[in-house]
Amino acid sequence: MPGSRRVAVLRCVVAALVVTVLLAGLAVLVFWLVVRPKPIEYTVASAVMRHFNITAPPGGGTAALNATFYLTLAADNPNRRLSMRYESLELYVHYGSGEEAPQLAVADVPDFRQPSRNETRLEVRAEARSAPVAGRAAQELEHDRAAGEVGVEVRVRARVCFKVGVVRSRHYDMRAVCSPVVIGLSPTSARSFRSVPCDVAIS
């Protein structure tokens, strides 16, 4: 192939790539202008703990926690044209915050579709079965039991895709962190529970 022809082909390829990028950017801009997506919101609307029991071995060491968490999550989609599909949704209950916070319980939540302008309430039961709690965290849990309330952090992870009309997006990772969720241990504590808003991130 002559050199001039190679240059012409290369220019066509580069021009096609530039046009593709520009069209993709234009599509994103048009989508945003038409849809004007608003952030989704998650809230822990209610939280109850039952069968709370923590057992420490003689002489100290790692304790074992048994408890059942009954949580209601409110997922709010305020968008007029945007619906969503949630998949692989998991809920985690941690004692304390940060990467080192011990995980107490985990629960899987069934996939669901959320229409536009809709609030979906998810009733979740997460069980702690001999969850290991070591050192200072075990002592703090004992103190919380004596005080009549336990503060936990609720984390939610899911795969989510968005749909406008017949157009569907790729899957994104959604993470929500709700803290502190303070759960009273008395039988009547659910009546005085204050809802906890969550920090939501989609990537």
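Is Arg136 buried or exposed? In this predicted model, Arg136 has 62% relative accessibility and therefore counts as exposed, the cut-off for that class being over 50%.

The side chain of Arg136 is paired with that of Glu140 in a salt bridge, with N and O 3.1 Å apart. Both residues belong to helix α2, which runs over residues 135-147; because they are four residues apart there, about one helical turn separates them. Glu140, at 33% relative accessibility, counts as partly exposed.

Helix α2 holds another such pair. Arg145 and Glu142 form a salt bridge in which the closest N and O atoms are 2.8 Å apart. These two residues are three apart in helix α2, so they too are separated by about one helical turn. Arg145 is partly exposed, with a relative accessibility of 31%, and Glu142 is also partly exposed, at 31%. Elsewhere, Arg125, Glu127 and Arg129 are joined into one network by salt bridges that share partners.

A further salt bridge links the side chains of Arg121 and Glu119, with an N to O distance of 3.4 Å. Glu119 has 45% relative accessibility, so this residue counts as partly exposed. Over the whole structure, the search finds eight salt bridges.

The next topic is the cysteines. A disulfide is a covalent bond between the sulfur atoms of two cysteines. The model has one disulfide, and it joins Cys178 to Cys198 with the sulfur atoms 2.0 Å apart. What does this bond tie together? Cys178 sits in strand β9 (residues 172-184) and Cys198 in strand β10 (residues 196-202), so the disulfide connects parts that are 20 residues apart in sequence. The torsion about the S-S bond is about 100°, and the disulfide is therefore right-handed. Cys178 and Cys198 are both buried. Cys161 is buried as well: its relative accessibility is 3%, and the class requires a value under 20%.

Between the two strands that carry the disulfide cysteines there is a loop, and Ser189 lies in this loop between β9 and β10. Is Ser189 buried or exposed? At 12% relative accessibility, Ser189 counts as buried. The side chain of Ser189 reaches the backbone oxygen of Ser186, at a distance of 2.8 Å.

Note on methods: Residues numbered from 1 in each chain as written. Predicted model: local features only at pLDDT ≥ 70, side-chain atom pairs only at ≥ 80, totals over all residues. Heavy atoms only, no water. Disulfide = S-S within 2.5 Å. Buried < 20%, exposed > 50% of the residue type's maximum accessible area, 1.4 Å probe, protein only. Polar contact = N/O pair within 3.5 Å; in protein donor to acceptor, adjacent residues only side chain to side chain. Salt bridge = Lys/Arg side-chain N within 4 Å of Asp/Glu carboxyl O.
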